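Q: Please examine one part of this predicted model closely. What lines the largest pocket, and what surrounds a residue of interest in one of the strands?

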Amino acid sequence: MAAVITIALLDEIQDGFNRHDVDGILSHFVEDCVWVMASGPTPPEGRVCHGKAEIGQVLSERYKQIPDMRWEDIRHWIVDDSKAISEWVVKGTPEGGEPFAYLGCDLWEFEGGKVTKKDTYWKIIR
């Protein structure tokens, strides 16, 4: 029987992001997962990370650059047995930078209860 996507599972993943627990986050991902980041150099996607190792490195670097990064006002929706959506406000202050607060969302894809793809969007205010 396939694992079921639940609000509790999405909360558990999000809690890992708020704890900056890279290993805990990645425990919810398949080995050959994909993360389409909110920004990056390559149109139209921005930056696409492939696999747990690359995603773990990116997350570790991000948490060093933004040590107070956190997600608040989180809401989740289960779309079907393989997709979910999370909406949140991400906040933080980059080292040497100004504080930010952006509304964003993740489009999640799952297989067997594990994340295969995370596609992230942020509203950048300029």
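**The largest pocket and Thr 120**

A: In this predicted model, the largest pocket holds about 340 Å³ of space. Its lining comprises 15 residues, and those closest to the pocket centre are Met 37, Ser 39, Arg 62, Ile 66 and Trp 122. Two elements, α3 (51–65) and β6 (114–122), each give two or more residues to this lining. Helix α3 makes the largest contribution, with 4 residues. Sorted by class, the lining of the largest pocket consists of 8 nonpolar, 4 charged and 3 polar residues.

Strand β6, one of the elements named above, also contains Thr 120. Is Thr 120 buried or exposed? Thr 120 counts as buried because its relative accessibility is 5%, and the cut-off for a buried residue is under 20%.

The side chain of Thr 120 takes part in polar contacts with two other side chains. One, of 3.0 Å, links Thr 120 to the side chain of Trp 35; another, of 2.9 Å, links Thr 120 to the side chain of Lys 118.

When neighbours within four places in sequence are set aside, the residues in contact with Thr 120 are Trp 35, Val 36, Met 37, Ala 38, Trp 88, Cys 105 and Asp 106. Trp 35 therefore appears both in this list and as a polar partner of Thr 120, because its side chain lies at a polar contact distance of 3.0 Å, within the 4.5 Å that defines contact. Met 37, another residue in contact with Thr 120, is also among the lining residues closest to the centre of the largest pocket.

Note on methods
Residues are numbered from 1 along each chain as its sequence is written. This is a predicted model: local features need pLDDT of at least 70, side-chain atom pairs count only at pLDDT 80 or more; totals for chains, interfaces and linings use all residues. Side-chain values use heavy atoms; hydrogens and water are left out. On a 1 Å grid over the protein atoms alone, a cavity is a set of points where a 1.4 Å probe fits but cannot get out, and a pocket is an open set with protein on both sides within 12 Å along at least five of seven lines; lining residues have an atom within 4 Å of a point. Grid points are joined across faces, edges and corners, and a volume is the space filled by probe spheres set on the points. Ala, Val, Leu, Ile, Met, Phe, Trp, Tyr, Cys and Pro count as nonpolar, Asp, Glu, Lys and Arg as charged, and the others, Gly among them, as polar. Buried means under 20% relative accessible area, exposed over 50%, partly exposed in between (1.4 Å probe, protein chains only). A polar contact is a pair of N or O atoms within 3.5 Å; within protein, one must be able to donate a hydrogen and the other to accept it, and residues adjacent in sequence count only if both atoms are side-chain atoms.
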